[in-house]
Protein chains: 2
Amino acid sequence: MPARRAPLTRERAVQAATALADEHGLAALTMRALAERLGVRPMAVYHHVPHKDALLGLLVEEVLGQVAPPPPGAPWREALGTRCRSAREVLRAHPWALVLLESRRTPGPTSLEHHDAVLGTLLGAGFDVPAAGHAYALLDAFVYGFVLQESTLPFDDAHAPEVADEIVAAVPEGAYPHLVRFARERVREGYAFGDEFEVGLRLVLDAVASLHPGATDRAGRRTVDA
Amino acid sequence: MPARRAPLTRERAVQAATALADEHGLAALTMRALAERLGVRPMAVYHHVPHKDALLGLLVEEVLGQVAPPPPGAPWREALGTRCRSAREVLRAHPWALVLLESRRTPGPTSLEHHDAVLGTLLGAGFDVPAAGHAYALLDAFVYGFVLQESTLPFDDAHAPEVADEIVAAVPEGAYPHLVRFARERVREGYAFGDEFEVGLRLVLDAVASLHPGATDRAGRRTVDA
DNA sequence: ACCTGAACACCGTTCAAGT
DNA sequence: ACCTGAACACCGTTCAAGT
């Protein structure tokens, strides 16, 4: 490890902090550990960032900036599907970012730009303002909530069957009958929780479609009041 | 403040820790602050809980235990609506619990019992095992994600109009046109983000219904493959 | 302009000791 | 059995000082 490589910048601090959190978790991201990784004394970081909280805000912006906005030309359903899949991938790669969201008060320009693009896709596709609000709230609730569940799982998809077996074996006879049934019939056969993302996304996009002013129900009646 | 009230118990420690996190946030919940609130020296808490991480696990269980399970007799849609509304209320009252979920590896008996009841409601209503898995993943993604968004908002619903005005005023001319339009047309008129919960829940329950083996689409074809 | 050393007020947790 | 005091290895951050 070289004594000092490039001059310390805010950008380099953010990169190193991201890598630290990715590799060892958010708890391992201390100002002191970050400084060491940067080959610098702890106080040097404070010359580029006022305090740790500001650094965390930059991390959130950095991660959200990696989420692909909905491609402008595409039909709304495809465009939103692309951006939701991208959001899930990015947040799965940096699960600590979702936790930081909770502590962030004011969004930065990157988040605002992204939100504006999503809203623009909906409004441009003919959704009215209230429907766009419903759609956006639902889409992001699904994506955020799915990633939260995914990052909470005590196993990765590959090891699900073994873990399910262990859990079932540890449960008292007769307890949690439905969970046990689910584990026996579903998880053992290679169930991957991650696969539920596409299932859910399709349903959520169907739901969004039903909010479109032009949508009709199965009897041909308009789904949304004018 | 009395010098010492009741003898210290694990139960009292969990109650005090919950109150501390509710009132001052998760960061204020330190072993030392908790001890002071309990009228005891820091190390006394360790006699009832092996370490802080175990205490946090107990907090999560305590909060999840407050979520009403789906009432057994009711039709599935009503039963799941009740439990989702309850989950949202409880998690909104203790937003730090959602963050702790991420760090929890193995669920306790309270969570397992709850999950079993939800799964039982779905299976008892005639959903097959794969459909129950889809439905559960979607429902909880929605509830968790909604609460996460809700707790991240930089304003409560009552002050949304003022905050929206400030934000719009602060934005550079011509930037974020769709966000500005949304703020102008929707937020100003008393838009409450919290109201999106019922809208989204209805759509999500509709989506779940479409997973039922008996469900048909608008052309009368079965929605789900056999 | 950029980085540093020493210090302060905190953490969670250990261990041996008190009652 | 239950609680304590002192100590250790950490935190984030201040301030005055170095180059």
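Start by selecting Glu198(A) and Arg85(A): their side chains form a salt bridge, with N and O 2.6 Å apart. A salt bridge here is a side-chain nitrogen of Lys or Arg within 4 Å of a carboxyl oxygen of Asp or Glu. Glu198(A) sits in helix α10 of chain A and Arg85(A) in helix α4 (residues 76-93) of chain A, so the pair ties together parts that are 113 residues apart in sequence. Helices are DSSP runs (H or I, at least four residues), numbered from the N terminus.

Before going on, note that this is a predicted model, in which local features need pLDDT of at least 70 and side-chain atom pairs pLDDT 80 or more, while totals for chains, interfaces and linings use all residues. Residues are numbered from 1 along each chain as its sequence is written, chains are lettered from A and ligands numbered from 1 in the order in which they are written, and side-chain values use heavy atoms, with hydrogens and water left out.

**More salt bridges**

Colour the first pair by accessibility. Glu198(A) is partly exposed at 38% relative accessibility, and Arg85(A) is partly exposed at 36%. The scale, for protein chains only and a 1.4 Å probe, calls a residue buried under 20% relative accessible area, exposed over 50%, and partly exposed in between.

Stay in helix α4 of chain A and select Arg92(A) and Glu89(A), which lie three residues apart, about one turn of the helix. Their side chains meet in a salt bridge of 3.0 Å, N to O. Add Arg88(A) and Glu150(A) to the selection: the four residues Arg88(A), Glu89(A), Arg92(A) and Glu150(A) are linked in a network of salt bridges.

Move to chain B and select Asp206(B) and Arg77(B), a salt bridge with its closest N and O atoms 2.9 Å apart. Asp206(B) is in helix α10 (residues 196-209) of chain B and Arg77(B) in helix α4 (residues 76-93) of chain B, 129 residues apart. Over all chains the count comes to 20 salt bridges.

**Where chains A and B meet**

Show both protein chains. How many salt bridges are counted between chain A and chain B? The count is zero. The rule does find eight residue pairs in polar contact across this interface, both residues at pLDDT 80 or more. A polar contact is a pair of N or O atoms within 3.5 Å; within protein, one must be able to donate a hydrogen and the other to accept it, and residues adjacent in sequence count only if both atoms are side-chain atoms. On the side of chain A that touches chain B, α7(A) gives the largest share, 16 residues. Chain A and chain B each put 53 residues into the contact, where contact means heavy atoms within 4.5 Å.

Next select Gln149(B), in helix α7 (residues 129-152) of chain B. Gln149(B) is buried, with a relative accessible area of 14%. Among the residues that Gln149(B) touches are Ala137(A), Asp140(A) and Tyr144(A).

**DNA strand D**

Finish at DNA strand D, with 16 residues around it; a residue is near the strand if one of its heavy atoms lies within 4 Å of it. Those that come nearest are Arg32(A), Met43(A), Tyr46(A), Lys52(A) and Arg41(B). Select Tyr46(A): an N or O atom in its side chain is 2.8 Å from a phosphate oxygen of the strand. At Met31(A), a backbone N or O atom lies 3.0 Å from a phosphate oxygen of DNA strand D. For Lys52(A), the backbone N or O atom is 2.9 Å from a phosphate oxygen of DNA strand D.

Key:
Helices (H or I, at least four residues) and strands (E, at least two) are DSSP runs, numbered from the N terminus. Lists of a residue's contacts leave out its neighbours within four places in sequence.
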